[in-house]
Amino acid sequence: MQTYSQHFLPKLQGYQTELLERLELLVNIDSGTGQREGINEIMAYLALWLGEIGCSVSLHDSEGFGQNLVARLWGIGGVRLLLVGHLDTVYGAGAATARPFHVADGLAFGPGVIDMKSGVLMGLYSLRALLESGFDQFGEIIVVFNNDEEVGSAGSAPLLREIAQQVDLGLVLEASRAAEVITKSRKGADKYMMEIMGIPAHSGAEPHKGRSAVIELAHKMIAVHNLNMLYPGVTFNVTRLSSSEPLNIVPEVARCHISVRAYNEQGLSLAAKALEQVASGCSVPDTRTKLTCIRGRAPYAATSEILRLVEMAQEEGKALGLSIVAEGKGGLSDANLLMEAGIPVLDSLGPIGGGMHDLNREYLRVDTIPLRGALLAGLISRLCLSKLTGV
């Protein structure tokens with residue numbers, strides 16, 4: 001069976017010096033979610049670089065977040081592909097000054113170096129390798145780089161959903177933990193707020209007349225935590241606690257937030273019923289509980305179409321000496337959103353690294369950029385040519 005990825009590896013290796021120079025530039029710009037100035041500066045650079053390789057580029061402003069980028073390439077084939085990456089990071093202003101880009105012992109460090117500025121640039125250079133090789137057997141390749149993935153893509157979701165209707169499949173450039181690993185599924189997530197209403201009373205003069213919302217919430221949080229043992233693959237995380245604050249009053253109000261994750265809708269449904277049962281109980285008499293669900297991202301499940309994409313990636317991996325394995329992940333990404341929009345998706349096609357969301361630990365394995373970039377270019381080639389050849 002013919003493979004393509006090995007033909008792109010020398011080109012990607014040849015781009016490495018320039019790519020790392022550009023990566024240093026991007027990493028040293030603060031672009032935490034909502035930091036519009038930095039986000040827009042990075043998007044301007046990417047618009048320029050994508051334009052240089054022949055893309056038609058447009059920028060779309062999202063209130064509170066800055067600009068999202070959409071780039072388009074047209075070929076002579078039939079397959080319509082979407083590449084997705086994000087430029088926002090989890091770090092606050094000043095992170096780039098505190099931890100600027102640097103390379104040591106084959107590892108690159110800096111805010112967003114693996115999550116996911118290197119993946120974005122790798123995707124750009126994979127497209128360059130395809131185009132400079134004369135490959136045009138695609139119908140259209142659309143690239144979306146968004147600015148708010150770290151907070152659930154609330155502002156960019158309408159844009160992503162709109163573009164998802166214009167393509168046949170999606171490829172997400174999130175990083176991976178190993179060169180052989182890609183992602184075929186991710187958990188979905190629902191968010192809950194549990195609010196307790198108690199009865200206030202002076203804590204010194206007549207505490208017996210009060211009913212503490214905090215104590216009731218404490219009982220319920222332990223009950224929620226214990227749900228982690230009931231349903232395989234379903235997790236419950238209690239966070240963001242608050243209550244009425246006067247020290248001399250038995251607390252009247254207390255609340256917490258709960259993140260629930262599961263690999264399928266059945267798991268999320270079981271979690272909802274379990275939380276409702278916890279909310280309906282009462283350990284402190286005369287307290288009341290209100291449970292509110294905020295629907296999050298739907299599960300990204302491994303359908304037969306996705307498993308076929310995995311097989312294609314495995315074939316291309318062999319040409320690079322990689323035995324590709326597709327895993328399920330507990331974390332969320334824009335792959336969840338694209339899957340919910342109705343297109344098959346492969347995720348974690350970016351370079352290799354770790355320490356995500358920890359400024360002092362986040363790192364990129366520099367030598368994996370050409371390797372994984374060649375895998376991506378080869379996979380795009382196979383996906384496009386398979387419609388013509390039946391491979």
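**Exercise 1. Surroundings of T368**

Find which residues T368 contacts beyond its neighbours within four places in sequence, and decide whether T368 is buried or exposed in this predicted model.

Solution.
- Step 1. With neighbours within four places in sequence left aside, T368 is in contact with P351, I352 and G373.
- Step 2. T368 belongs to helix α10, which covers residues 368-389.
- Step 3. The relative accessible area of T368 is 1%. The cut-off for buried is under 20%, so T368 is buried.
- Step 4. A polar atom of the T368 side chain lies 2.7 Å from the backbone oxygen of R365.

**Exercise 2. Length, cap and packing of helix α7**

Check the end-to-end distance of helix α7 against its expected span, then locate the N-terminal cap and the packing partners of the buried residues.

Solution.
- Step 1. Helix α7 holds 16 residues, 265-280. The expected span is 1.5 Å times one less than the number of residues, so 22 Å is expected for α7.
- Step 2. The end C-alpha atoms of α7 are 23 Å apart, which agrees with the expected span.
- Step 3. At the N-terminal end of α7, N264 acts as the cap, with a side-chain oxygen 3.3 Å from the backbone nitrogen of Q266.
- Step 4. The buried residues of α7 include G267, L268, A271, A272, A274, L275, V278 and A279.
- Step 5. These buried residues pack against α6 (213-226) and against the strands β9 (188-197), β10 (235-243), β11 (253-262) and β12 (288-295).

**Exercise 3. Strand β7 and its sheet**

Place strand β7 in its sheet, give the sense of its pairings, and identify the edge strands.

Solution.
- Step 1. The open sheet has 6 strands in the order β1-β2-β6-β3-β7-β14, and its pairing is mixed.
- Step 2. β1 (56-62) and β14 are the edge strands; each has a single partner strand, so one side of each has no neighbour in the sheet.
- Step 3. β7 pairs with strand β3 (residues 80-86) in the parallel sense over 4 bridges. Across this pairing, L82 is opposite G170, and L83 is opposite L171.
- Step 4. β7 also pairs in the parallel sense with strand β14 (residues 345-346), over 2 bridges. Here G170 is opposite V345.
- Step 5. In β7 (residues 169-172), L169 and L171 point one way, G170 and V172 point the other way, and all are buried.
- Step 6. Helix α2 lies across β1, β2 (66-74) and β6 (140-146), running at about 15° to β2.

**Exercise 4. Aromatic pairs**

Classify the ring pairs Y15 with Y125 and Y45 with W49 from centre distance and plane angle.

Solution.
- Step 1. The structure has 3 aromatic pairs.
- Step 2. For Y15 and Y125 the ring centres are 5.4 Å apart and the planes are at 45°, so this pair is tilted.
- Step 3. Y15 is in helix α1 (residues 5-27) and Y125 in helix α4 (residues 113-132); the two are 110 residues apart, and the pair links distant parts of the chain. Both Y15 and Y125 are buried.
- Step 4. For Y45 and W49 the ring centres are 5.6 Å apart and the planes are at 25°. Planes under 30 degrees apart count as stacked, so the pair of Y45 and W49 is stacked.
- Step 5. Y45 and W49 are 4 residues apart in helix α2 (residues 36-52), about one helical turn. Residues three or four places apart in an α-helix point the same way, because a turn takes 3.6 residues.
- Step 6. Y45 is partly exposed at 27% relative accessibility, whereas W49 is buried at 6%.

**Exercise 5. A polar contact of E327**

Name the side chain with which the side chain of E327 makes a polar contact, and list the residues that E327 touches.

Solution.
- Step 1. E327 sits in strand β13 (residues 325-329).
- Step 2. The side chains of E327 and R177 make a polar contact at 2.4 Å.
- Step 3. Residues up to four places away in sequence not being counted, E327 touches R177, V181, I182, T183, K184 and S185.

**Exercise 6. Backbone checks**

Locate the cis peptide bond between D115 and M116, and describe the positive phi values of D105 and H357.

Solution.
- Step 1. The peptide bond joining D115 and M116 is cis, with omega about -10°. M116 is in helix α4.
- Step 2. D105 has a phi near 55°, positive in a residue other than glycine. D105 lies in the loop between β4 (102-104) and β5 (107-109), and is exposed at 83% relative accessibility.
- Step 3. H357, also a residue other than glycine, has a positive phi near 70°. H357 lies in the loop between β15 (353-354) and β16 (363-365), and is partly exposed at 48% relative accessible area.

Technical notes: Residues numbered from 1 in each chain as written. Predicted model: local features only at pLDDT ≥ 70, side-chain atom pairs only at ≥ 80, totals over all residues. Heavy atoms only, no water. Buried < 20%, exposed > 50% of the residue type's maximum accessible area, 1.4 Å probe, protein only. Contact = heavy atoms within 4.5 Å. Polar contact = N/O pair within 3.5 Å; in protein donor to acceptor, adjacent residues only side chain to side chain. Pairing = 2+ DSSP bridges. Phe/Tyr/Trp six-rings, centres within 6.5 Å; stacked < 30°, edge-to-face > 60°. Axes fitted to C-alpha atoms, helices over the stretch in contact; angles between N-to-C directions.
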